[in-house]
Amino acid sequence: MIRDATPSDAIRIAEIYNHYITHSIATFEEQPLTAAEMQERMSPQQFRVPWLVMEGADGIVGYAYASRWNVRSAYRFTREASVYLSPQHIGKGHGTQLYRNLLDRLRVEGVHVVIGGIALPNAASIRLHEKMGFRHEATLKEVGWKFGKWIDVGYWQLTGLNTVGR
C-alpha cells in the first residue's frame, strides 16, 4: 500500500535514509538524521509536494518524495525526485511502484520536468530511472567526496510529464 507520509512516519523514514548515509554513496550526507530532523524536511512548507511511503507486512519498506529543483520562479514546474527502500526490499518492484505513484502525483500538480540525480556508479538506480522513461542528460565529474573518494553524479531527466496550460 502506498499512502501519504505522516509526521509519525519520520522515525522509520530516517532509519531507512540513515542506512544510505552510513553505508552508501546514494546520498552525499555524512551524518545520520534524527526523526525530528526528518520530520522538519517532510513539512509542507519545505517541499509542497507529496512525501509517499510504501507499507508492507512489516511496516514502512520505502519512501519517495520530490523537491524543488531551484528556488527561482522559472523553475517552478521542475522537481527532483528521490526514492529510498529499506535494503531488504530492494529488487522487488517497490521502487517502481513508488516512483509511478510519485510521478502521477507530480503530473496532477502540473510538474513538467522531473530530474533524478544519481551518484555513480549505481546500476540499479539507472535501471529504475530509465524504466520510468528518464534519459541521461549530464554527468558531473568528481563533485562529491565521501568515503575517501571522489564521486561523479549523473542527471537523468523526464520531460513532458505535464504539458497542459503552458
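Which residue in S3 is the bridge partner of Trp51? In this predicted model, that partner is Tyr65. The two strands concerned, S2 and S3, run antiparallel and are held together by 6 bridges, with a hairpin of 2 residues taking the chain from S2 to S3. On its other pairing, S3 meets S4, again in the antiparallel sense, over 7 bridges. Here Arg68 sits opposite Arg79 in S4. S3 is mostly covered, with 8 of its 10 residues buried.

The Trp51 and Tyr65 partners also meet through their rings. They make a stacked aromatic pair, with 4.2 Å from centre to centre and 5° between the planes. In sequence the two are 14 residues apart, Trp51 coming from strand S2 (residues 51-56) and Tyr65 from strand S3. Trp51 has a relative accessible area of 7%, so it counts as buried. Tyr65 is buried too, because its relative accessibility is 14% and the cut-off for that class is under 20%.

The structure holds 9 aromatic pairs. Another of them brings Tyr99 and Phe134 together in a tilted arrangement, 5.4 Å centre to centre and with 50° between the planes. This pair spans 35 residues of sequence, from Tyr99 in helix H4 to Phe134 in the loop between H5 and strand S6 (135-146). Both Tyr99 and Phe134 are buried. As for Trp51 and Tyr65, ring pairs tie them into a cluster with Tyr17, Tyr20, Tyr63 and Tyr84.

Tyr84 turns up again in the largest pocket, which holds about 1000 Å³ of space. The lining runs to 41 residues, and those closest to the pocket centre are Ala26, Val83, Tyr84, Ser125 and His129. Plenty of the fold chips in: the elements giving two or more residues to the lining are helices H1 (10-23), H2 (35-41), H4 (94-108) and H5 (123-131), along with strands S3 (59-68), S4 (78-85), S5 (113-120) and S7 (149-159). Sorted by class, the lining comes out as 22 nonpolar, 13 polar and 6 charged residues.

A few spots in the backbone call for a comment. Most peptide bonds are trans, and most residues other than glycine have a negative phi. The bond between Leu120 and Pro121, however, is cis, with omega at about 5°. Pro121 belongs to the loop between S5 and H5. Turning to phi, Glu142 takes a positive value of about 50° despite not being a glycine. This residue lies within strand S6. Glu142 counts as exposed because its relative accessibility is 51%, and the class begins over 50%. Phe147 likewise has a positive phi, near 55°, and is not a glycine either. Phe147 sits in the loop between S6 and S7. With a relative accessibility of 47%, Phe147 is therefore classed as partly exposed.

Technical notes:
Residues are numbered from 1 along each chain as its sequence is written. This is a predicted model: local features need pLDDT of at least 70, side-chain atom pairs count only at pLDDT 80 or more; totals for chains, interfaces and linings use all residues. Side-chain values use heavy atoms; hydrogens and water are left out. On a 1 Å grid over the protein atoms alone, a cavity is a set of points where a 1.4 Å probe fits but cannot get out, and a pocket is an open set with protein on both sides within 12 Å along at least five of seven lines; lining residues have an atom within 4 Å of a point. Grid points are joined across faces, edges and corners, and a volume is the space filled by probe spheres set on the points. Helices (H or I, at least four residues) and strands (E, at least two) are DSSP runs, numbered from the N terminus. Ala, Val, Leu, Ile, Met, Phe, Trp, Tyr, Cys and Pro count as nonpolar, Asp, Glu, Lys and Arg as charged, and the others, Gly among them, as polar. Rings of Phe, Tyr and Trp (its six-membered ring) pair if their centres lie within 6.5 Å; planes under 30 degrees apart count as stacked, over 60 as edge-to-face and the rest as tilted. Buried means under 20% relative accessible area, exposed over 50%, partly exposed in between (1.4 Å probe, protein chains only). Two strands pair if DSSP finds at least two bridges between them.
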